[in-house]
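Reader: I've got a chain open in my viewer and I'd like a close look at a single part of it. Could you walk me through that spot and then place it in the rest of the chain?

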Amino acid sequence: MRLLLRKAKTAQVDGRTRVLVKEHLFTCRDTSKDYHTKHGVIPKKLLKAPDGTILKDNNNNEYIIFTASFADVLSRHRRLPQSMVRKDTGYILAETGVNRHSIALDAGVGNGYLTATLANVCKKVIGYDVEQKHLDNAKENLETLGIKNVTLQHGSVYEPVTEKKLDLVTLDVPEPWQALPHMISALRIGGTLVTYSPSIIQVKKTIEKAQQHDELHIVKTIELLERGWKVKGDAVRPDNIEIGHTGFLSFFRKIQ
């Protein structure tokens, strides 16, 4: 996948800077054929140019081309309702400290957003979901990303699983408290369990269930809010729209 940045065009009108064309980032998924934008057509022979090359379409508009990163591709894959977002998945990576030696289980795969994020860092990821259509969608997205270290399982984590000595378990399921006994058995001592719940009532029930298990240390529950800022000359202000509540993240460690 390649990205094409068309930079903004401005002009001085009556002593003031006016934007004639807004900056725009285009995504080219197939470099084997000409790429069409609303501004013009870029020949396919130019789409494999080195990163940073300035290209021109048939209308003489200029673009800077570069290769999409993992995050670029991930943010553009097919999503399902209530998918996790980057502010939450990124925090999970930072807080749990998983690495290239880690083995993780992700329950409630959905479209595979968290599964893919974990797989980009971990040695292996096992993904569970009760909906086959979710697994099919996740498989398609994982193939687009070129990820091969994920095993997808059609099943419920409310029942015992065969995996053992896992470094990380993530639960994005309606009733995570039902999965706790089985996930505790699947974790290694020192491993981390993370639950993602849209409702604080879900969090309450999960914490109450966790308090019944001496093997678990309850670390914390957090909610992340993301607010962007507009910075343009002296006009500095928050974005009108922010990414507010998406879900609560609860963290636990297996200590026995």
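Which residues does T115 touch, not counting residues up to four places away in sequence?

Author: Happy to, with the reminder that this is a predicted model. Leaving out residues up to four places away in sequence, T115 touches D106, V109, V125 and V150. T115 itself is found in helix 3, which runs over residues 113–119. As for burial, T115 counts as buried because its relative accessibility is 0%, and the cut-off for that label is under 20%.

Helix 3 also turns up when you look at helix 2, residues 86–96. The buried residues there are K87, D88, T89, I92 and T96, so you'll find a lysine and an aspartate in that list, by the under 20% criterion. Their cover includes helix 3 along with strand 12 (166–171), strand 13 (187–197) and strand 17 (248–254). Right after helix 2 comes G97, and its phi is positive, near 70 degrees.

Now hop over to another buried side chain, H213. You'll find H213 in the loop between helix 6 (200–210) and strand 14 (216–223). With a relative accessible area of 15%, H213 is buried too, since the limit is under 20%. Setting aside residues up to four places away in sequence, H213 touches P181 and I184.

For a contrast, try W229, which lies in strand 15, residues 229–232. Its relative accessible area is 48%, so W229 is called partly exposed. Together with V231 and V236, W229 makes a nonpolar surface patch of about 330 Å².

Zooming out, the chain has 6 helices and 17 strands. Its C-alpha trace spans about 70 × 45 × 30 Å along the principal axes. Of the 256 residues, 41% are buried. If you take contacts between residues at least 6 apart in sequence, 59% of them join residues at least 24 apart.

On the surface side, the accessible area of the chain is about 14400 Å², and carbon and sulfur atoms account for 50% of it. For your electrostatics, the chain carries 38 positive and 29 negative charges, and the mean positions of the two sets sit 6 Å apart.

Notes
Residues are numbered from 1 along each chain as its sequence is written. This is a predicted model: local features need pLDDT of at least 70, side-chain atom pairs count only at pLDDT 80 or more; totals for chains, interfaces and linings use all residues. Side-chain values use heavy atoms; hydrogens and water are left out. Patches are made of residues with over 30% relative accessible area and no salt bridge: like charges are joined within 9 Å, nonpolar side chains (Val, Leu, Ile, Met, Phe, Trp, Tyr) within 5 Å. Accessible areas come from the Shrake-Rupley method with a 1.4 Å probe; for residues, only the protein chains shown count as cover. A salt bridge is a side-chain nitrogen of Lys or Arg within 4 Å of a carboxyl oxygen of Asp or Glu. Helices (H or I, at least four residues) and strands (E, at least two) are DSSP runs, numbered from the N terminus. Buried means under 20% relative accessible area, exposed over 50%, partly exposed in between (1.4 Å probe, protein chains only). Contact means heavy atoms within 4.5 Å. Lys and Arg count as positive and Asp and Glu as negative; His and the chain ends are not counted. The place of a charge is taken as NZ of Lys, CZ of Arg, CG of Asp or CD of Glu.
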